[in-house]
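Please explain how this protein is built, beginning with a single strand and working outwards to the sheet and the core. A formal account for a first-year student is requested.

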Amino acid sequence: MLTEQFEALAEAAMREAEGLRMEFIGGKMGVKAVPDGLHETITMWLVRQCLQHQPSLDLHTGQGLKIETYRKGRARPDGTLAPTGHFVQAGEWAEPDGVLMTVEVTSHDYDTNRRDRVEKPRAYAESGIPVYLLVDRDAGEVTVYSEPVEGTYQERHTAAFGKSIELPAPVGFTLDTEPLRAWSAARESAG
């Protein structure tokens with residue numbers, strides 16, 4: 001499928017089905033699961049954390065990115081951290097230049113492992129995005145990927161929900177994940 005064909009299909013799908021979000025990674029078209037309440041709560045919490053620690057940066061939710069040097073991929077991260085005003089001239093699919101961090105919060109769907117833990121780190125590293133933050137609800141942990149070199153993140157640090165983890169430069173702050181532990185425990189106890 002040509003990138004232009006994907007973009008037209010994704011645009012038409014968004015008009016027809018509310019909340020439908022499509023991606024084109026590794027030459028494969030995929031559909032992102034509709035976020036549940038905890039997914040949205042985590043995303044908004046991250047927006048507030050970024051604003052609190054780095055007020056000159058915005059964590060955008062829903063901004064599409066042109067990723068991958070191979071096959072002209074398209075991703076719609078759960079969060080894209082960039083300087084305020086960075087995407088003013090961008091369309092639906094922006095270049096990754098100037099993006100400081102991408103964020104993915106796992107959903108409970110069949111291809112989370114392949115998409116969020118394998119394909120996205122590779123694609124974001126290939127695109128030169130300095131930091132990739134994965135909030136892995138299945139594993140109950142947060143993983144920070146950094147230092148992209150030749151399509152691979154050289155550093156990878158993981159912390160269980162409830163622990164603190166450093167978001168390295170250019171993000172540059174410590175993320176206390178205690179709320180993630182509490183929300184996950186509350187969700188599990190509610191059944």
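How many of the residues of β9 are buried? In this predicted model, 6 of the 6 residues of β9 are buried, and the strand is thus described as mostly covered. Both of its faces are involved. Val-131, Leu-133 and Val-135 lie on one side, Tyr-132, Leu-134 and Asp-136 lie on the other, and each of these residues is buried.

The next step is to consider the partners of this strand. β8 and β9 run parallel and are joined by 5 bridges; within this pair, Val-103 stands opposite Leu-133. β9 and β10 run antiparallel, with 6 bridges between them. Here Val-135 stands opposite Val-142 of β10, and Tyr-132 has Tyr-145 as its bridge partner. β9 and β10 also form a hairpin with 4 residues between the strands, in which Gly-140 takes a positive phi near 70°.

These strands belong to a wider arrangement. An open sheet is formed by 6 strands in the order β3-β6-β8-β9-β10-β11, and its pairing is mixed. At the edges stand β3 and β11, each of which pairs on one side only. On average, neighbouring strands of the sheet are turned by 20° against each other when direction is ignored. The protein as a whole contains 4 helices and 13 strands.

A further hairpin is made by β12 and β13, with 5 residues between the two strands, and Gly-172 in its turn has a positive phi of about 75°. The two strands run antiparallel and are joined by 4 bridges; Glu-166 has Thr-174 of β13 as its bridge partner. The side chains along β13 alternate. Phe-173 and Leu-175 point to one face and are buried, whereas Thr-174 and Asp-176 point to the other face and are not buried.

Attention may now turn to the helix α2. Its 17 residues, at 1.5 Å a residue, should span 24 Å, and this agrees with the distance of 24 Å between its end C-alpha atoms. Among the buried residues of α2 are Leu-38, Ile-42, Trp-45, Leu-46 and Val-47, together with His-39, Thr-43 and Gln-49.

Strands and helix come together in the largest nonpolar core, which has 26 residues. The members that touch the most other members are Leu-46, Leu-81, Met-101, Leu-133, Val-135, Leu-167 and Leu-175. At least two residues of this core come from each of α2, β3, β8, β9, β10, β12 and β13, and α2 gives the most, with 6 residues. A second, separate core has 15 residues, including Ile-67, Ala-75, Tyr-124 and Ala-125.

Met-101 offers a closer view of the packing in the largest core. Leaving aside residues up to four places away in sequence, Met-101 touches Cys-50, Gly-79, Thr-80, Leu-81, Ile-129, Val-131, Leu-133, Leu-167 and Val-171.

Finally, the whole protein may be considered. Of its 191 residues, 46% are buried. Among contacts with a separation of 6 or more, 53% are between residues 24 or more positions apart. The protein exposes about 9,200 Å², of which carbon and sulfur atoms supply 52%.

Terms used
Residues numbered from 1 in each chain as written. Predicted model: local features only at pLDDT ≥ 70, side-chain atom pairs only at ≥ 80, totals over all residues. Heavy atoms only, no water. Buried < 20%, exposed > 50% of the residue type's maximum accessible area, 1.4 Å probe, protein only. Contact = heavy atoms within 4.5 Å. Areas by Shrake-Rupley, 256 points an atom, 1.4 Å probe, with all protein chains shown as cover. Core = buried A, V, L, I, M, F, W, Y, C linked by side-chain atoms within 4.5 Å. Pairing = 2+ DSSP bridges. Expected span 1.5 Å × (residues − 1). Axes fitted to C-alpha atoms, helices over the stretch in contact; angles between N-to-C directions.
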